[in-house]
Amino acid sequence: MDFYSGELPKSPGHKEMDRAGKDSPMQNQEAWQKFASIVGIERVKTSKEDLLTYAYDAYVEEFLPDAVLFPKSPEEVSQIMRVASAHKIAVTPRGAGSGLGGCGLAKKGGVILCFTMMNRILEINTANRYAVVEPGVVISEFQKEVEKLNLFYPPDPGSATVATMGGAVLMNAGGMRGVKYGVTRDYLMGLEIVLPSGEVMKTGGLTTKDVTGYDLTRLICGSEGTLALVTKITVRLLPRPKSRRTLQAIYNRIDDAGNTVAKIVEAGIIPATLELMDKNIIKALEDFAHLGLPLNAEGILLIDVDGDLETVEKQAALVADFCRDLGAREVRVSQSEKENEQLWVARRSAFGAVARMRPTCVIEDATVPVSYLTPAIKKVIEISERNRVQIAVLAHAGDGNLHPLILCDQRDKDEMGRVEKAMEEIVDYAMSVGGTLSGEHGIGIAKARYLRKQLSGTALEMMRAIKKTFDPQGILNPGSFLEYAA
Amino acid sequence: LIAKELKEEVHNCIKCGLCLTSCPVYKQLYFEGASPRGKVQLIKNLLEGKLEPSENFHRLLFTCLLCETCTANCPSGLGVDRLMKAMRAELLEKFGLPWQKKMLFNLLVSDRLLPFFLFWGRILETPLLSLLPKGGKIGTIPYSKLPRLNRKALRDQYPEIIPVPDPKGRVLYFTGCATNYLFENVGRAVIHVLQRLGVEVIIPRGQVCCALPIFLAGARKMALRNIRKNLELFHRDDVDAVIVDCATCGAALKKEYTHILEERGENAEASKALGRKVLDISQYLTRFDLGKLLRPIAGRVTYHDPCHLLRSQGVKGEPRDLLRRVPGVQFVEMAEADVCCGGGGTFQWEHPEVASGISAKKVQSIKETGASIVASGCPGCRLQIAGNLTEDSIETIHPVELVARALP
């Protein structure tokens with residue numbers, strides 16, 4: 001059975017959907033025919049069901065596209081962009097649709113360019129420790145492949161099991177290992193990109209060191225799909241750490257947990273991950289998974305150290321001492337990979353345990369300098385109580401990246417108003433201590449309205465000028481943060 | 001109508017997308033409509049009146065194995081499979097059943113047609129099969145690998161009560177259609193092992209198809225007669241357990257009957273009581289000390305988790321333990337043992353390309369273990385795996401068959 005949408009629709013398309021702006025491919029039969037001839041009819045989707053399923057990502061708002069195209073090669077992407085350019089058709093790139101800010105949605109209609117079918121790992125080079133992948137490769141599947149060769153690709157956003165490498169590049173995805181290993185940007189060596197005009201271009205190369213001209217690779221990284229489309233990604237790989245130990249420390253007072261984080265940082269130990277869960281997460285975990293965590297605890301730290309066995313054991317012992325010295329009521333240190341996983345169960349179940357409490361879960365990611373971690377968490381709790389909004393706090397504590405999980409029901413207008421107010425207050429606090437609006441999720445449309453809190457008018461103007469250089473017609477991901485921010 | 005609590009369920013989807021790569025079907029097709037999230041969102045649009053129950057929607061609804069992997073992995077705990085099943089039932093009136101399914105299901109719900117079919121099937125099987133084009137397939141399964149009909153239905157091979165002296169236990173045996181008509185070896189193994197353990201086996205006469213394939217296709221009303229008949233026969237207090245050797249029948253008796261009756265607003269107490277009594281044969285056998293009875297047999301064995309056993313019933317360790325307890329057997333865990341084999345009942349002939357892509361991965365995992373036997377407690381999985389295995393040297397069996405072999 002095949003799934004193409006049937007015959008080419010005669011323009012205009014889905015009237016009942018109140019869509020189809022003047023640049024819509026639906027009203028432009030010629031462009032439409034060309035798209036279909038580039039990728040073939042089975043990789044063009046226009047049925048109502050298909051459009052509805054490409055109207056959302058993991059954010060709340062939805063926008064219907066006019067068509068979804070699934071390219072499989074850089075040539076196809078290039079040809080699509082030539083047609084889109086000629087007809088001024090909006091194109092928005094998308095991976096798995098696990099984004100949290102609406103970045104991959106067709107905010108002004110037009111075409112969604114979905115890269116999930118362009119998903120080959122092209123090369124894993126062990127001699128020079130790099131790999132070349134297509135944008136649709138799923139992050140965790142790529143990680144599994146390189147680990148088979150005793151190599152390591154560290155960036156691991158929470159959505160790594162579904163998110164694509166292309167999405168990770170365009171969003172500069174972070175994750176739990178950020179504290180030691182950095183984020184996607186830190187592993188990029190080069191890209192093959194397709195400009196809105198259809199021109200294919202290479203940035204970077206195969207060397208770790210490269211100071212030839214502006215660093216366009218890292219400009220594309222985190223550009224939220226506003227500058228160019230990524231068709232090949234070259235990433236640097238590390239040797240796989242030989243061993244790993246996990247520590248779990250339970251605290252009666254959140255301050256003690258925060259002080260432990262500070263102490264670890266101060267002592268010059270860089271753990272591979274350093275996660276914090278607050279009392280609301282603990283409660284949700286106990287309600288849902290019954291892990292035997294104490295309900296009167298205010299915080300739990302989960303700490304991974306990795307490297308060669310000797311160092312790891314030394315560091316684990318030292319960190320355990322810090323935890324105890326600073327008031328942890330209980331410290332557990334794993335002795336094996338299996339025990340690591342047992343200790344990780346709580347953290348891995350946390351999102352699920354919280355998410356099922358209410359219909360909607362908005363995931364905040366305001367980030368503060370790491371020394372402000374404890375005050376920031378307390379502030380979030382205060383904001384939550386004052387605004388009568390349910391918030392549970394997870395944090396990538398090692399890099400000050402908060403994840404307040406805001407629980408609500410999107411259908412309740414009054415409640416959503418309070419949620420918005422709470423979010424703004426969290427953002428304001430982060431700003432006031434030198435933090436950032438978004439540590440790893442991106443701005444998209446979710447946080448565009450706060451953009452001016454962090455970026456000056458000049459900075460925004462510069463960004464818009466860059467955008468114009470890449471995309472003079474403004475056809476790539478229109479409606480992005482650049483346009484939303486007043 | 002979809003039950004109220006299921007309607008509310010669509011609002012609990014936070015669209016995180018974590019179900020995407022848990023879905024074997026999405027991993028073949030790579031477009032959102034094929035994914036669990038996509039389907040949930042379409043159902044939401046439908047319930048909100050923003051989408052008509054179109055042909056395309058209907059097709060997507062059936063582009064699903066109902067393997068329940070999404071349900072097991074959903075952070076918000078959405079019962080995606082229940083939603084899908086209810087929606088399928090909802091669309092039945094509009095779209096009806098394809099004629100092949102109608103024929104098959106009529107056969108399965110009828111207590112007269114099936115023996116009739118079996119009688120003629122046995123006589124005509126060889127000449128009919130020889131008429132089929134060489135190299136032809138049903139879905140992904142070559143004709144040559146289709147199992148032959150039992151020469152006599154299993155239930156006709158045994159008395160209703162198989163007595164043992166000084167019984168150590170007493171069970172009802174729900175044979176299921178597959179064992180009764182196709183896989184008599186499995187049924188014989190179950191009865192043999194239970195007899196040797198001193199358990200009195202009762203095979204209630206008049207038992208009918210569990211009807212799961214029927215109601216999963218949406219035909220709930222058609223299935224009701226079977227559900228009621230089986231409840232009447234098996235809801236008994238005078239036995240230790242109701243034994244099943246088929247993951248699918250087990251899933252039906254343990255929980256699906258209850259879901260259907262509850263969603264219809266009917267009293268489900270009898271069905272719940274039965275559900276508590278039903279045990280997969282691998283679960284029941286944990287009550288016995290097999291160790292001293294079993295003789296060693298050599299061989300490398302691996303195990304595939306049937307969706308209806310692992311996710312529908314939560315049975316994971318027992319079948320593996322059973323295999324490990326056979327002396328001489330070297331048990332090897334295959335990679336991704338818990339991933340669906342691609343069969344999905346009628347899915348594999350409705351979507352042969354998707355199914356064969358999924359099965360290819362399963363076959364690869366099996367081969368990598370170097371095992372000569374792959375065991376699985378589901379006739380659908382065994383059909384699918386055997387049908388897609390190109391190596392005839394690898395045998396596909398039910399775990400209890402291995403135990404029976406070791407138990408002279």
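Which residue follows H3(A), and what is the sign of its phi? The residue is Lys88(A), with a positive phi near 50 degrees. That is worth a second look, because most residues other than glycine have a negative phi. Please keep in mind while browsing that this is a predicted model. Below is a friendly tour of its two chains, A and B, from overall build to single residues.

**Chain A as a whole**

- Chain A contains 16 helices and 18 strands.
- Its radius of gyration is 23 Å, which agrees with the value near 23 Å that a compact globule of 486 residues would have.
- Measured out along the principal axes, the C-alpha atoms of chain A fill a box of roughly 70 × 60 × 50 Å.
- Buried residues account for 60% of the 486 in chain A.
- Among contacts in chain A with a separation of 6 or more, 72% come from residues 24 or more positions apart.
- The accessible surface of chain A is about 19300 Å², and carbon and sulfur atoms hold 51% of that area.

**Chain B as a whole**

- In chain B the secondary structure consists of 22 helices and eleven strands.
- A compact globule of 408 residues would have a radius of gyration near 22 Å, and the 21 Å of chain B agrees with this.
- The C-alpha trace of chain B spans about 65 × 45 × 45 Å along its principal axes.
- Of the 408 residues in chain B, 61% are buried.
- For chain B, residues 24 or more positions apart supply 77% of the contacts with a separation of 6 or more.
- About 16300 Å² of chain B is exposed, with 54% of it from carbon and sulfur atoms.

**Helix H3 of chain A**

- H3(A) covers residues 74–87, and its 14 residues reach 20 Å from first C-alpha to last, close to the 20 Å expected at 1.5 Å a residue.
- Ten of those 14 residues are buried, so H3(A) is largely enclosed by the rest of the structure.
- The buried set includes the nonpolar-to-polar mix of Val77(A), Ile80(A), Met81(A), Glu76(A), Ser78(A) and His87(A).

**Positive phi in loops**

- Asn477(A) is not a glycine, yet its phi is positive at about 45 degrees.
- This residue, Asn477(A), sits in the loop between helix H15 (457–470) and helix H16 (481–484) of chain A, and with a relative accessible area of 1% it is buried.
- Ala211(B), likewise a residue other than glycine, has a positive phi near 75 degrees.
- Ala211(B) belongs to the loop between strand S5 (199–202) and helix H12 (212–216) of chain B, and it counts as buried at 0% relative accessibility.

**Salt bridges**

- Over all chains, the structure holds 61 salt bridges.
- One of them pairs the side chains of Arg411(A) and Glu8(B) at 2.7 Å, N to O.
- Arg411(A) lies in the loop between strand S18 (401–408) and helix H13 (413–432) of chain A, while Glu8(B) lies in helix H1 (residues 4–9) of chain B, so this pair joins two chains.
- Both partners count as partly exposed, Arg411(A) at 40% relative accessibility and Glu8(B) at 35%.
- Lys272(B) meets Glu262(B) in a salt bridge of 3.1 Å and Glu269(B) in another of 3.9 Å.
- Glu269(B) and Lys272(B) share helix H15 of chain B, three residues apart, which is about one turn of the helix.
- Within chain A, a network of salt bridges links Arg244(A), Asp304(A), Glu337(A), Glu341(A) and Arg348(A).

**Other sites in chain B**

- Leu113(B), Phe116(B), Phe119(B), Trp120(B), Ile123(B) and Leu124(B) make a nonpolar surface patch of about 580 Å².
- Leu124(B) lies in helix H8 (residues 113–131) and is partly exposed at 37% relative accessibility.
- His58(B), in helix H4 (residues 55–61), is buried at 15% relative accessibility.
- Beyond its neighbours within four places in sequence, His58(B) is in contact with Leu91(B) and Phe95(B).
- Thr346(B) is in the loop between strand S9 (329–331) and helix H19 (347–350), and is buried with a relative accessible area of 18%.
- The C-alpha atoms of Thr346(B) and Phe62(B) are 9.8 Å apart, although 284 residues separate the two along the chain.

Definitions and conventions
Residues are numbered from 1 along each chain as its sequence is written. Chains are lettered from A and ligands numbered from 1 in the order in which they are written. This is a predicted model: local features need pLDDT of at least 70, side-chain atom pairs count only at pLDDT 80 or more; totals for chains, interfaces and linings use all residues. Side-chain values use heavy atoms; hydrogens and water are left out. Patches are made of residues with over 30% relative accessible area and no salt bridge: like charges are joined within 9 Å, nonpolar side chains (Val, Leu, Ile, Met, Phe, Trp, Tyr) within 5 Å. Accessible areas come from the Shrake-Rupley method with a 1.4 Å probe; for residues, only the protein chains shown count as cover. A salt bridge is a side-chain nitrogen of Lys or Arg within 4 Å of a carboxyl oxygen of Asp or Glu. Helices (H or I, at least four residues) and strands (E, at least two) are DSSP runs, numbered from the N terminus. Buried means under 20% relative accessible area, exposed over 50%, partly exposed in between (1.4 Å probe, protein chains only). The expected span of a helix is 1.5 Å times one less than its number of residues. The radius of gyration is taken over C-alpha atoms; the globule rule is 2.2 Å times the number of residues to the power 0.38. Contact means heavy atoms within 4.5 Å.
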